[in-house]
Amino acid sequence: MTSKKVIAVFGATGAQGGSVAKAILESNKFAVRALTRDVTRPSALVLRDLGAEVVKGDLNDEASVEAALKDAYGAFVVTNFWDHLSKEKEVCQGKSVADIAKRLGLKHVVYSGLENVKRLTGGKLEVEHFDGKGEVEEYFWSIDVPMTSVRLAAYFENFLTMWKAVKASDGDYYTLALPMGDIPMDGISVADVGAVVSSIFNSPAEFLGKAVGLSAEALTVQQYADVLSKTLGKEVRDAKITPEAYEKLGFPGAKEMADMFRFYHMKPDRDVQLTHRLNPKVKSFSQFISENQGAVKGI
């Protein structure tokens, strides 16, 4: 039996990386080398038990990245802006992986990218957690690394945390404050990304050199609210907040998030049909919420 080609998975104990590592192990076509900063974490041990080779890898340490990518066929690369809130750092990490992938001759990198909003809008909008990934996408392709970028829609998981419905002060109902007007917003569960990425690794000819926008479905804020209403057993309404009002909410990153929603108004390319083809089990928002009822009711 020939040994399987190795795919190195960055951020393997995080949400995206963990989903990808598990899906590739399940499809059984490639071996997985799971990179994590702490190989003793319970989530790292779970991956080891599932058959992954778990190695120490830190995006801030080039030698560890080089060692982790040695002899690998491919890699799934994800960077986390929210770790340090620095676009410069995210760009630096991404370019460093690109340079090493080029030097070692990797055959297929799948990068968790996003659009360079600042460039696309001529500087009108600035969404740092998108823009840095957009710069890294451009760099991978400019130095001819065989790369596919996957651009994820908004996470359904956000509705359990920072976008959860809030009880109204003037009555027995809840509101959902997302400044989208009546424009549908694409969404996906991060847990469903792994199977999509695994399918992309299985079809390099179709996807090399491309950017693929991922979405389970696109709903208006009121449609998201209606799904939450059913589970909560309480009325949830669209708060009808504007991007301008959202920007003034004053939490860290409010301006950045407002600009992200303004960019969503421009309907970036997210391909629902392709996402379903690559992962036929991708969950709708309604399915996601019914699987996470406990968390929803916890609000």
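# Close-up views of a predicted model

**View 1. Asp 192 sits in the loop between strand 10 (185–188) and helix 7.** The model shown here and in the views below is predicted. Asp 192 is buried, because its relative accessible area is 7%, under the 20% cut-off. Its contacts, leaving aside neighbours within four places in sequence, are Ser 19, Asn 279, Lys 281, Val 282 and Lys 283.

**View 2. Thr 275 is a buried residue of helix 12.** How accessible is Thr 275? Its relative accessible area is 0%. Residues up to four places away in sequence are not counted among its contacts here. Beyond them, Thr 275 touches Ile 188, Val 196, Gly 213, Leu 214, Ser 215 and Val 282. Gly 18 is 257 residues from Thr 275 in sequence. In space, the two C-alpha atoms are 19 Å apart.

**View 3. Seven strands make an open sheet with parallel pairing.** The strand order is 3-2-1-4-5-6-11. Strand 3 (53–56) and strand 11 stand at the edges. Each has a single partner strand, so one side of each lacks a neighbour in the sheet. On average, neighbouring strands of this sheet are turned by 20 degrees against each other, direction ignored. Helix 1 packs on this sheet. It touches strand 1 (6–9), strand 2, strand 4, strand 5 and strand 6. The direction of helix 1 makes about 160 degrees with that of strand 1. Helix 7 (residues 193–202) lies across strand 1, strand 4, strand 5, strand 6 and strand 11. It runs at about 150 degrees to strand 5.

**View 4. Strand 5 (residues 108–113) runs parallel to strand 6 and to strand 4 (residues 74–77).** Strands of a sheet pair through backbone hydrogen bonds, either parallel or antiparallel. Four bridges join strand 4 to strand 5. Here Ala 75 has Val 109 of strand 5 as its bridge partner. Five bridges join strand 5 to strand 6. Here Tyr 111 has Ser 149 of strand 6 as its bridge partner.

**View 5. Strand 6 (residues 147–152) is mostly covered.** How many of its six residues are buried? Six of the six are. In a regular strand the side chains alternate between the two faces of the sheet. Both faces of strand 6 are covered. Met 147, Ser 149 and Arg 151 are buried on one side. Thr 148, Val 150 and Leu 152 are buried on the other. Strand 6 also runs parallel to strand 11 (residues 211–214), joined by four bridges. Leu 152 stands opposite Leu 214 in strand 11.

**View 6. Three strands form an open sheet with mixed pairing.** The strand order is 7-10-12. Which strands stand at the edges? They are strand 7 (154–155) and strand 12 (217–219), and each pairs on one side only. Strand 10 and strand 12 pair in the antiparallel sense, over three bridges. Asp 186 stands opposite Ala 218 in strand 12. Helix 9 (residues 221–232) packs on this sheet and touches strand 10 and strand 12. The direction of helix 9 makes about 100 degrees with that of strand 12.

**View 7. The second largest pocket holds about 420 Å³ of space.** Its lining has 18 residues. Ala 23, Glu 26, Gly 194, Ala 195 and Asn 279 lie nearest the centre. Helix 1 and helix 7 each supply at least two lining residues. Which helix gives the largest share? Helix 1 does, with six residues. By class, the lining has seven nonpolar, seven polar and four charged residues. Asn 279 also appears in View 1, as a contact of Asp 192.

**View 8. Asn 28 and Lys 267 each have a positive phi.** Neither Asn 28 nor Lys 267 is a glycine. For Asn 28, phi is about 65 degrees. Asn 28 is found in the loop between helix 1 (15–27) and strand 2 (31–36). For Lys 267, phi is about 55 degrees. Lys 267 has its place in the loop between helix 11 (254–265) and helix 12 (272–278). Is Lys 267 buried or exposed? Lys 267 is exposed, because its relative accessible area is 58%, over the 50% cut-off.

Technical notes: Residues are numbered from 1 along each chain as its sequence is written. This is a predicted model: local features need pLDDT of at least 70, side-chain atom pairs count only at pLDDT 80 or more; totals for chains, interfaces and linings use all residues. Side-chain values use heavy atoms; hydrogens and water are left out. Buried means under 20% relative accessible area, exposed over 50%, partly exposed in between (1.4 Å probe, protein chains only). Two strands pair if DSSP finds at least two bridges between them. Axes are lines fitted to C-alpha atoms, for helices over the stretch in contact, and angles run from 0 to 180 degrees between N-to-C directions. Contact means heavy atoms within 4.5 Å. On a 1 Å grid over the protein atoms alone, a cavity is a set of points where a 1.4 Å probe fits but cannot get out, and a pocket is an open set with protein on both sides within 12 Å along at least five of seven lines; lining residues have an atom within 4 Å of a point. Grid points are joined across faces, edges and corners, and a volume is the space filled by probe spheres set on the points. Ala, Val, Leu, Ile, Met, Phe, Trp, Tyr, Cys and Pro count as nonpolar, Asp, Glu, Lys and Arg as charged, and the others, Gly among them, as polar.
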